Amino acid sequence: MDIKDIQNLIKFVSKAEVSEVKYKTKDFEITIKTPLAGSEVSYAQPTVYHSAPQQVAAPAPAQAAAPAAAEKAEAASDDSKYVTIKSPMIGTFYRKPSPDKDVFVNVGDEVSNGKVVCVIEAMKLFNQIESEVSGKIVKILVDDATPVEYDQPLFLVDPS
């Protein structure tokens with residue numbers, strides 16, 4: 001099993017929303033554990049500090065839903081000609097392969113199908129995210145080193 005197969009298996013497990021998958025052959029064995037759908041995962045040791053702000057912040061998106069919907073409708077009309085590159089998994093978004101390297105892409109850069117545009121760290125694995133379209137990067141929608149959700153928009157690409 002090569003790294004591409006493992007990445008595809010991780011994508012499948014995240015889409016299926018199961019908590020654990022074991023895959024075993026006579027030469028290879030892998031276990032993938034994920035949080036159950038809707039549960040929060042804390043990767044830091046002091047979980048008290050991370051869980052309290054999350055619980056307090058949870059009502060805020062519900063209150064801000066009306067303005068966000070208006071912004072999305074406005075953005076959709078402007079961005080309808082663009083193709084969105086979305087996150088295939090939950091994890092931490094990074095624009096660089098490592099802190100001392102250059103970013104994969106900037107606004108204005110040309111990308112082609114299969115070009116790596118970012119990495120997403122999930123469960124200590126760094127997964128390279130490749131562009132599924134060819135075109136020019138118009139907008140980067142996520143800040144470096146921030147958490148992303150499954151299917152969250154990461155980049156806008158002008159395919160023309």
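## Close-up views of a predicted model

**View 1. Two aromatic pairs turn up when the whole structure is searched.** As in every view here, the model is a predicted one. In one pair, the ring centres of Phe93 and Phe155 are 5.9 Å apart and the ring planes meet at 55 degrees, so this pair is classed as tilted. Phe93 belongs to strand β4 (residues 91-94) and Phe155 to strand β10, so the pair ties together parts of the chain 62 residues apart in sequence. Are these two residues buried or exposed? Both Phe93 and Phe155 are buried.

**View 2. Tyr94 and Phe126 form a tilted pair, because their ring planes stand at 45 degrees with the centres 6.1 Å apart.** Here strand β4 supplies Tyr94 and strand β7 supplies Phe126, so the pair links parts that are 32 residues apart in sequence. Have a look at the surface around Tyr94 too: its relative accessibility is 23%, and Tyr94 therefore counts as partly exposed.

**View 3. Helix α1 covers residues 3-16.** With 14 residues, α1 reaches 20 Å from its first C-alpha to its last, close to the 20 Å expected at 1.5 Å a residue. Which residues of α1 are buried? They are Ile6, Gln7, Leu9, Ile10 and Val13. These residues sit on the same side of α1, because the arc they cover around the axis is only 160 degrees. Among the elements that cover them are β1 (20-24), β2 (29-33) and β7 (125-130). On the face of α1 turned away from the buried side you will find the exposed residues Phe12 and Lys15. Just after the helix, Glu17 adopts a positive phi of about 55 degrees.

**View 4. Four strands make up an open sheet in the order β3-β10-β8-β5.** The pairing in this sheet is antiparallel. Which strands stand at the edges? They are β3 (83-86) and β5 (110-111); each has a single partner strand, so one side of each is left without a neighbour in the sheet. Strands β8 (residues 135-140) and β10 (residues 153-158) run antiparallel and are joined by four bridges.

**View 5. Lys136 lies in strand β8.** Across from Lys136, in β10, stands Asp158. What does Lys136 touch, leaving aside residues up to four places away in sequence? The answer is Gly108, Asp109, Glu110, Leu156, Val157 and Asp158. The C-alpha atoms of Lys136 and Val107 are 7.8 Å apart, although 29 residues separate the two along the chain. Lys136 has a relative accessibility of 39%, so it counts as partly exposed.

**View 6. Stepping back to the whole chain, there are four helices and 10 strands.** Starting at the N terminus, the elements follow the order α-β-β-α-α-α-β-β-β-β-β-β-β-β. The chain has 160 residues, of which 24% count as buried. About 10800 Å² of the chain is exposed, and carbon and sulfur atoms supply 53% of that area. Of the contacts between residues at least 6 apart in sequence, 54% join residues at least 24 apart.

How values were computed. Residues numbered from 1 in each chain as written. Predicted model: local features only at pLDDT ≥ 70, side-chain atom pairs only at ≥ 80, totals over all residues. Heavy atoms only, no water. Helix = DSSP H or I, 4+ residues; strand = E, 2+ residues; numbered from the N terminus. Expected span 1.5 Å × (residues − 1). Buried < 20%, exposed > 50% of the residue type's maximum accessible area, 1.4 Å probe, protein only. Arc of directions from axis to C-beta. Contact = heavy atoms within 4.5 Å. Pairing = 2+ DSSP bridges. Areas by Shrake-Rupley, 256 points an atom, 1.4 Å probe, with all protein chains shown as cover. Phe/Tyr/Trp six-rings, centres within 6.5 Å; stacked < 30°, edge-to-face > 60°.
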